[in-house]
Amino acid sequence: MRSRAWRTVTIGSAGALFLLCVLTLKGVAQSEYMSGQGFPYGAFDRLPATDVAVQGGVIHLAFAPGRIDLPKPTIEEWVRRSAKAITTYYGRFPVKSARILIVPSPGAGVQGGTTWGYRGGAIRIVLGSDATEDDLRRDWVMVHEMVHLALPDMEERYAWLSEGLAVYIEPIARVQSGDLPAASVWSVMMRDMPKGLPGPGDRGLDNTSAWGRKYWGGAIFCLLADVQIRERSNNLLGLQDAMRAVLVAGGNHEVDWSISKVLSVADAATGLNVLTSLHDSMGSKAVRPDLEALWLRLGLKHASEGVEIDPTAPLASTLAAITPIR
Ligand SMILES: [Zn+2]
């Protein structure tokens, strides 16, 4: 249980990773809501909360004391929009009841997020007092954290799977719910996925805590799995079906599973062994997939402004199934 009491923090636009204590040291005022390594369940439950109904559950939304310029209904709408991306991807919200705590902090934008599950699904978001409606429209942190709710808690060495799924699924879920254009998602993946490739001395995803390997290396694993499942099922199934099955089997963030259980439950949904065998090859040794060749097969070409999509490419239908063009 103790290992579930803390999680690393996603810091807004920089995409960098810091520990909780860093944020505390930066002087975020509400210590009762920011101190310690766990979610402040007791303090949260003493705050007035607004209930936001989502498909398959309810979100209890509460605000720690402090200034936030945006009106609360705008923030509620951000929570609702983010939850819709998640329910579109997963078919339902991952937990029946989730606490979301918004902690105001001096400055702009969405400044970070953390997710826990050990006493019920809970997300804490640090929101700049000066954040604008446009910041919330462009935000990815809330959806990223909600993806974490849709995976059992695992040993820390497998954080690459949890972060990889969040990095990979967050923009795809937002495309599927109509919040992002497909081309922008692939443009970012093509730009940033090389950060997840193994460096010298790498001993596989299970044995490195390097930021790039954890976040983008995990995302590469997810992309390879998605493409393989779709190729081998004639594009009938994808990673989305596999991860929905984990949720249906009760595998949300409130439970503790081994990675082999997560992957085998996901694999059983497709009748293929893609996730388990990819983990067998990428978990304990450095694997360096040819991303450039994969982009071309998917019909993705670097262009002066982002990306060009070629509908005649061999895997064009796979790309369209992952991120339908609107
Ligand atoms: Zn994360």
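Tutor: Two residues are in contact if their C-beta atoms, placed from the backbone, lie within 7 Å of each other. The structure is a predicted model, in which local features need pLDDT of at least 70 and side-chain atom pairs count only at pLDDT 80 or more, while totals for chains, interfaces and linings use all residues. Residues are numbered from 1 along each chain as its sequence is written.

Student: Of the contacts in the protein chain with a separation of 6 or more, what percentage joins residues 24 or more positions apart?

Tutor: The count leaves out pairs with a separation below 6. Among the contacts that remain, residues 24 or more positions apart account for 65%.

Student: What is the mean pLDDT of the protein chain, and over which residues does pLDDT stay under 50?

Tutor: pLDDT is the predictor's confidence in each residue, from 0 to 100, and its mean over the protein chain is 91, with 90% of the residues reaching 70 or more. Where pLDDT is low, the predicted coordinates should not be read in detail. That caution concerns two stretches, for which the model has 23 contacts and 32 contacts beyond four places in sequence. The stretches under 50 are residues 1-9 and residues 11-29.

Student: What radius of gyration does the protein chain have?

Tutor: The radius of gyration is taken over C-alpha atoms, and the globule rule is 2.2 Å times the number of residues to the power 0.38. Because the protein chain has 326 residues, a compact globule would have a radius near 20 Å, and the value for this chain agrees with that, being 19 Å.

Student: Which helix gives the most residues to the largest nonpolar core?

Tutor: A nonpolar core is a set of buried Ala, Val, Leu, Ile, Met, Phe, Trp, Tyr and Cys residues joined through C-beta atoms within 7 Å, where buried means that 20 or more other C-beta atoms lie within 10 Å of a residue's own (12 or fewer is exposed, and in between is partly exposed), with C-beta atoms placed from the backbone. The largest such core has 90 residues, and those touching the most other members include Ile102 and Ala219. Helices (H or I, at least four residues) and strands (E, at least two) are DSSP runs, numbered from the N terminus, and the helix that gives the most to this core, with 11 residues, is α9 (residues 211-232).

Student: Which element gives the largest share of the side of domain 1 that touches domain 2?

Tutor: The domain bounds, which come from an automatic or database domain assignment, give domain 1 (2-148) and domain 2 (156-322). Their C-alpha centres lie 25 Å apart, and the contact takes 22 residues from each domain. Two elements, α4 (72-90) and α6 (141-148), give two or more residues to the domain 1 side. The largest share, 7 residues, comes from α4.

Student: Is Ser177 buried or partly exposed?

Tutor: Ser177 is placed in the loop between α7 (159-176) and α8 (182-192), and beyond four places in sequence it is in contact with Lys84, Ala85 and Thr88. Because Ser177 has 18 C-beta neighbours inside 10 Å, it counts as partly exposed.

Student: Which residue in β4 stands opposite Asp51?

Tutor: Two strands pair if DSSP finds at least two bridges between them, and 6 bridges join the antiparallel strands β3 (residues 49-54) and β4 (residues 57-63). These strands form a hairpin with 2 residues between them, and Gly56 in the turn has a positive phi of about 90 degrees. Across this pairing, the residue opposite Asp51 is His60.
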